[in-house]
Amino acid sequence: FLSTYKITNQNPLGSAAGYGSSFPLNRQLTTNLLGFAKMNYNVVYAQMGRGKVEKIVSFALANLASTLSKLAFDVCLFMSQNFSFVSLPAEFTTGSSIMPHKKNPDVFELIRAKCNKLQGIPNQISIMVNNLPSGYFRDLQIVKEVFLPSFKDLNDCINIAALALENLSVKDNILEDSKYDYLFSVEKVNELVLKGMPFRDAYKTVGEQIETGKFQTNKVVAHTHEGSIGNLCLDKIADYKNQKIESFN
């Protein structure tokens with residue numbers, strides 16, 4: 001969005017219908033009054049930018065919509081009874097048409113659909129403008145019909161996603177299920193490596209333990225390094241470090 005804003009934050013006013021105006025305009029004045037970062041000096045470029053500006057912006061919108069769509073898919077997947085990792089309050093769900101027990105994550109299903117629709121807008125705009133000659137044509141008016149509403153649609157998706165995530169509950173006893181025991185096999189490998197065993201040997205050792213049913217590990221992780229799995233929030237990191245210091249003393 002920042003790069004898109006930088007590209008489009010130029011004043012096109014005064015470029016007329018495509019090739020500039022013979023009237024002595026003060027284009028810098030309108031640039032200053034409207035708060036543009038700079039003037040689009042090349043009037044031909046300003047007019048040839050019609051459609052391109054909308055495409056550039058719509059690609060930025062589509063990029064964010066892609067992220068929201070993926071998030072929505074994850075929530076829908078992890079709310080299913082096969083996972084049951086997360087849940088939403090009743091006011092964010094609706095019932096099934098025939099199954100009384102079911103809670104459908106409608107808000108995220110609608111976010112997913114709307115965001116997928118938004119990802120199609122750059123292509124729509126491209127098709128509208130790709131065979132236009134130089135200059136202005138009324139075809140460009142139709143671009144606004146798909147372009148301008150996309151801002152509200154995406155903003156609505158962001159707002160409802162933020163509200164829903166604030167009310168999302170994460171199941172806190174997921175790891176009690178034995179099928180997740182092997183998630184910690186890497187922890188065991190790392191433990192052996194840190195004790196001096198070559199990674200290849202540690203990998204093989206843990207693999208053999210799993211195959212023979214002898215694998216055991218502690219499911220509590222307390223990593224604090226950058227980029228680690230199971231990063232702790234800052235207050236927990238402080239508590240963890242204090243505990244380490246106390247145990248060391």
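This report walks through the pockets and the nonpolar cores of the structure above, which is a predicted model.

Let us begin with the open spaces. The two largest pockets can be set side by side:

| Pocket | Volume | Lining by class |
|---|---|---|
| Largest | about 470 Å³ | eleven nonpolar, eight polar and four charged residues |
| Second largest | about 380 Å³ | six nonpolar, eight polar and three charged residues |

The largest pocket offers about 470 Å³ of space. Its lining is made of 23 residues, and P12, A46, G49, R50 and V53 are the closest to the centre. Four elements each give two or more residues to this lining: α1 (2-8), α3 (43-48), α4 (52-79) and α7 (139-166). Which element gives the most to the lining of the largest pocket? That is α4, with four residues.

Now for the second largest pocket, with its volume of about 380 Å³. Here 17 residues form the lining, and those closest to the centre are M79, S80, Q81, K102 and K103. Two or more lining residues come from each of α4, β3 (86-87) and β5 (103-104). If you are following α4 through the model, you will thus meet this helix in the lining of the largest pocket and again in that of the second largest.

Next comes the packing inside the protein. The largest nonpolar core holds 30 residues, and L68, F108 and I111 have the most contacts inside it. At least two residues of this core come from each of α4, α5 (106-118), α6 (121-129) and α7. L68 is a good place to start looking: leaving aside residues up to four places away in sequence, L68 touches I111, C115, L154, C157, I158 and A161. There is also a second, separate core of five residues, V189, L192, A202 and V206 among them.

Finally, a closer look at α6, one of the helices that supply the largest core. Which residues of α6 are buried? They are I121, P122, I125, S126 and V129. These residues lie on the same side of α6, because they cover an arc of only 140° around the axis. In an α-helix there are 3.6 residues a turn, so residues three or four places apart point the same way. As for what covers the buried residues of α6, the list includes α4, α5 and α7. Those helices, like α6, each supply at least two residues of the largest nonpolar core.

Key: Residues numbered from 1 in each chain as written. Predicted model: local features only at pLDDT ≥ 70, side-chain atom pairs only at ≥ 80, totals over all residues. Heavy atoms only, no water. 1 Å grid on protein atoms, 1.4 Å probe; cavity = no way out; pocket = protein on both sides within 12 Å on 5 of 7 lines; lining within 4 Å. Points joined across faces, edges and corners; volume = space filled by probe spheres on them. Nonpolar A, V, L, I, M, F, W, Y, C, P; charged D, E, K, R; others polar. Core = buried A, V, L, I, M, F, W, Y, C linked by side-chain atoms within 4.5 Å. Buried < 20%, exposed > 50% of the residue type's maximum accessible area, 1.4 Å probe, protein only. Contact = heavy atoms within 4.5 Å. Arc of directions from axis to C-beta.
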